[in-house]
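Q: I am new to this structure and would like a close, careful look at one part of its interior. Please start there and then lead me outwards to the parts that can be described in detail.

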Amino acid sequence: MEKLRIVFMGTPDFAAAILKAVAAWEGGEVVAVYTQPDRPAGRGKKLMAPAAKQLAQELGIPVYQPQNFRSDADVEQLAALRPDVLVVAAYGLLLPQRVLDIPVFGPFNVHGSLLPQYRGAAPIQRAVMNGDAITGVTIMRMEAGLDSGPMLLQQAVTIEPEDTAGTLFDELAEHGARLMVGALGMISEGRVALVPQNAEKATHAAKISPAEEYVDWSLPAAEVHNRIRGLTPAPGAKSVLRIEGREPLALRLGPGRPMDMRHGAAPGTLLGMEDGELLVACGSGVYGISRIRPAGKGTMSAADFRNGRLRGLPEPWGVLGGRD
């Protein structure tokens with residue numbers, strides 16, 4: 001049997017993990033990798049190649065980076081590759097129907113949720129932010145609707161209490177890679193049995209908005225913890241420390257520890273320090289922060305932050321809040 005001609009489409013580390021497994025699969029050949037254009041990144045804002053592009057170059061696979069597929073030339077270029085299958089994982093671009101119609105056996109997507117739950121751009125972050133105990137990965141055949149296509153394979157994954165979006169991304173990428181290779185085997189052998197999604201049970205996982213990056217301290221401490229875990233490592237959980245007589249200080253917060261402690265302070269009040277943690281008043285309970293990154297500085301321990309920024313100030317030290 002001839003090898004499947006595969007065109008891979010994906011951009012971040014999650015996609016690169018899928019690409020690595022697909023490229024190693026003996027039943028197919030990845031003839032091209034499509035990924036988003038290089039973007040400025042880091043403090044120097046230098047152009048950075050996406051993770052999938054970097055891996056493709058290491059593997060010697062041709063890379064294409066169209067801005068979108070509105071151009072006839074870009075669509076024709078993809079068609080000229082004669083793909084049997086499109087494998088899509090966190091590509092970040094919407095594919096028009098005329099692109100979806102190109103592969104012989106169809107376009108298949110690796111999605112980081114148990115569809116129809118969390119259709120959309122941020123399924124992994126949303127699952128952690130919402131405090132879910134279970135999520136998973138789905139292999140689905142793509143159609144014009146947003147993550148609405150019929151499903152080929154699924155696997156459930158437990159979200160551990162200490163998981164962040166970052167650790168869960170890594171775990172789901174590993175499971176997704178294995179599932180995608182299994183799906184390709186089924187496609188090559190003609191054993192595809194698709195299951196329609198139940199649209200009535202669909203939920204949406206919208207992209208994280210800039211406002212959501214800021215911690216809402218009026219929530220219970222357990223929910224604050226879930227939000228911070230879901231924003232870690234990217235885009236990062238943010239807050240602004242305001243101390244009377246000083247300029248506001250932007251902070252990024254690492255996951256800490258929710259505590260069932262009573263207090264009479266306004267949400268966001270920096271109450272003091274205990275056992276190496278900065279204690280922040282929440283709507284109910286207290287949140288202990290152990291790692292913090294002030295604007296323009298590296299990540300530091302809560303103790304180092306206290307010694308450098310708060311020494312000599314009376315408790316409570318100030319109030320954490322949003323940008324405004």
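Which residues touch the most other members of the largest nonpolar core?

A: This is a predicted model, in which local features need a pLDDT of at least 70 and side-chain atom pairs count only at pLDDT 80 or more, while totals for chains, interfaces and linings use all residues. Residues are numbered from 1 along each chain as its sequence is written, and side-chain values use heavy atoms, with hydrogens and water left out.

The residues that touch the most other members are Phe-8, Ile-18, Val-87, Met-180 and Leu-184, in a core of 41 residues. Helix 6 gives the most to this core, contributing ten residues. A second core lies apart from it and has 28 residues, including Leu-251, Ile-289, Ala-302 and Trp-317. A nonpolar core here is a set of buried Ala, Val, Leu, Ile, Met, Phe, Trp, Tyr and Cys residues joined through side-chain atoms within 4.5 Å; buried means under 20% relative accessible area, exposed means over 50%, and partly exposed is in between, with a 1.4 Å probe and protein chains only. Helices (H or I, at least four residues) and strands (E, at least two) are DSSP runs, numbered from the N terminus.

Ile-18 shows what such a position looks like: leaving aside residues up to four places away in sequence, it touches Phe-8, Val-87, Ala-89, Val-110, Ala-173, Gly-176, Ala-177 and Met-180, where contact means heavy atoms within 4.5 Å.

Turning to the sheets, seven strands form an open one with mixed pairing, in the order 5-2-1-6-7-8-9. Its edges are strand 5 (63-64) and strand 9 (151-158), each of which pairs on one side only. Two strands count as paired if DSSP finds at least two bridges between them. Strand 1 and strand 2 run parallel and are joined by six bridges, with Val-7 standing opposite Ala-32 in strand 2. Because six of its seven residues are buried, strand 2 is largely enclosed by the rest of the structure. Strand 2 (residues 28-34) also pairs with strand 5, in the parallel sense and over two bridges, and here Val-33 stands opposite Val-63 in strand 5. Helix 3 (residues 72-80) packs on this sheet, touching strand 1 (4-10), strand 2, strand 5 and strand 6 (85-89), and its direction makes about 165 degrees with that of strand 2; the axes are lines fitted to C-alpha atoms, for helices over the stretch in contact, and angles run from 0 to 180 degrees between N-to-C directions.

Val-63 appears again among the contacts of Lys-53, a residue of helix 2 (residues 51-59) that touches Thr-35, Asp-38, Val-63 and Gln-65 when residues up to four places away in sequence are not counted. Lys-53 counts as buried, because its relative accessibility is 12%. Its side chain makes a polar contact of 2.9 Å with the side chain of Gln-65, such a contact being a pair of N or O atoms within 3.5 Å; within protein, one must be able to donate a hydrogen and the other to accept it, and residues adjacent in sequence count only if both atoms are side-chain atoms.

Strand 2 and strand 5 are also linked through their rings. The structure holds four aromatic pairs. In one of them, Tyr-34 and Tyr-64 have ring centres 5.0 Å apart and planes at 20 degrees, so the pair is stacked. This pair links distant parts of the chain, with Tyr-34 in strand 2 and Tyr-64 in strand 5, 30 residues apart. Rings of Phe, Tyr and Trp (its six-membered ring) pair if their centres lie within 6.5 Å, and planes under 30 degrees apart count as stacked, over 60 as edge-to-face and the rest as tilted. Ring pairs join Tyr-34, Tyr-64 and Phe-69 into a cluster. Tyr-34 is buried, with a relative accessible area of 0%, whereas Tyr-64, at 21% relative accessibility, counts as partly exposed.

There is a further sheet, an open one of nine strands with antiparallel pairing, in the order 12-15-14-13-18-10-11-16-17. Strand 12 (257-259) and strand 17 (300-301) are its edge strands, each pairing on one side only. Within this sheet, strand 10 and strand 11 (residues 249-253) pair in the antiparallel sense over five bridges, and Val-240 has Ala-250 in strand 11 as its bridge partner. Helix 7 lies across strand 10, strand 11, strand 12 and strand 15, running at about 35 degrees to strand 15.
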